[in-house]
Amino acid sequence: MEMTVQLTIDCSDPPRMVTFWAEALGYVPEPPPAGHATWRAYWAATGVPESELPAGAGDGPESIVDPTGRGPRVWFQQVPEPKVGKNRWHLDLKVSGGRDVPLEVRAQRVKAAVERLVTAGATLLRIKDGPHMGLYTAAMRDPEGNEFDVA
């Protein structure tokens, strides 16, 4: 049995999340299926009732894909309610190269990624700097407050 995985993230502003997470993950916005100018046009053609689509939904990209085809599709689903609590799970963006790389190099790679992501709209929450454990990571939030780590 063939299976694919899609990560669906509830949010209030899909275009903003597409822009941020495409940058964070090295993904690209997913174009609408062939023959359709927008995702909204595609959804209408497949029978999704207009009443089920929030204003603006599908007018621009609301999903991102890995250009290499290895990672899962990520869909940013517009919902009316705001995020109210801590995530029960989160993404770890592993940029350091792992424990075979010297700690100083890993720390520099994490710092560079944090700087890039802050410029893209993330918020740095804290740095976990534990040289005695060979650890340097950053806890962050995306533009809508979802927590993630850079390690």
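**Note on the predicted model: two sheets and a helix pair**

1. In the predicted model, R126 has A139 of strand β7 as its bridge partner. The pairing to which this bridge belongs is that of β6 (residues 123-130) with β7 (residues 135-141); the two strands run antiparallel and are joined by 7 bridges. Together β6 and β7 make a hairpin, with 4 residues between the strands. Within the turn, G134 has a positive phi of about 70 degrees.

2. The hairpin strands belong to an open sheet of 4 strands, ordered β5-β8-β7-β6, in which the pairing is mixed. Its edge strands are β5 (91-93) and β6, each of which pairs on one side only. Averaged over neighbouring strands and ignoring direction, the turn of one strand against the next is 25 degrees.

3. The parallel component of this sheet deserves separate mention. Strand β8 (residues 147-150) pairs with β5 in the parallel sense, over 3 bridges. One residue pair can be named here: L93 has V150 in β8 as its bridge partner. Helix α1 packs on this sheet, where it touches β5 and β8. The direction of α1 makes about 50 degrees with that of β5.

4. Helix α3 also meets these strands. It lies across β5, β6, β7 and β8, and α3 runs at about 10 degrees to β7.

5. How do the axes of α1 and α3 cross? Helix α1 (residues 14-25) and helix α3 (residues 103-120) have axes that come within 10 Å, with a crossing of roughly 165 degrees. Angles over 145 degrees count as roughly antiparallel, and α1 and α3 are therefore roughly antiparallel to each other. The crossing in which α1 passes α3 is right-handed.

6. The residues at this helix contact can be listed by side. From α1 come F20, E23 and A24, which meet R116, L117 and A120 of α3. By class, the contact of α1 with α3 comprises 4 nonpolar and 2 charged residues, with no polar ones.

7. A further open sheet is formed by 4 strands in the order β1-β4-β3-β2, again with mixed pairing. Strands β1 (6-11) and β2 (28-29) stand at its edges with a single partner strand each, so one side of each has no neighbour in the sheet. Inside this order, β3 (residues 63-65) and β4 (residues 73-78) run antiparallel and are joined by 2 bridges. The bridge partner of I64 in β4 is V74.

8. Some overall values set these elements in context. The protein has 3 helices and 8 strands, which follow the pattern β-α-β-α-β-β-β-α-β-β-β along the sequence. Its C-alpha atoms fill a box of roughly 60 × 35 × 30 Å, taken along the principal axes. Of the 151 residues, 35% are buried. Among contacts with a separation of 6 or more, 58% are between residues 24 or more positions apart.

9. To draw the points together: the strands are arranged in the open sheets β1-β4-β3-β2 and β5-β8-β7-β6. Helix α1 touches β5 and β8 of the latter sheet, and α3 lies across β5, β6, β7 and β8. The two helices also meet each other, through residues including F20 of α1 and L117 of α3.

Technical notes
Residues are numbered from 1 along each chain as its sequence is written. This is a predicted model: local features need pLDDT of at least 70, side-chain atom pairs count only at pLDDT 80 or more; totals for chains, interfaces and linings use all residues. Side-chain values use heavy atoms; hydrogens and water are left out. Two strands pair if DSSP finds at least two bridges between them. Axes are lines fitted to C-alpha atoms, for helices over the stretch in contact, and angles run from 0 to 180 degrees between N-to-C directions. Angles under 35 degrees count as roughly parallel, over 145 as roughly antiparallel, 65 to 115 as roughly perpendicular and the rest as oblique. A crossing is left-handed if the near helix is turned anticlockwise from the far one by less than a right angle, and right-handed if clockwise. Contact means heavy atoms within 4.5 Å. Ala, Val, Leu, Ile, Met, Phe, Trp, Tyr, Cys and Pro count as nonpolar, Asp, Glu, Lys and Arg as charged, and the others, Gly among them, as polar. Buried means under 20% relative accessible area, exposed over 50%, partly exposed in between (1.4 Å probe, protein chains only).
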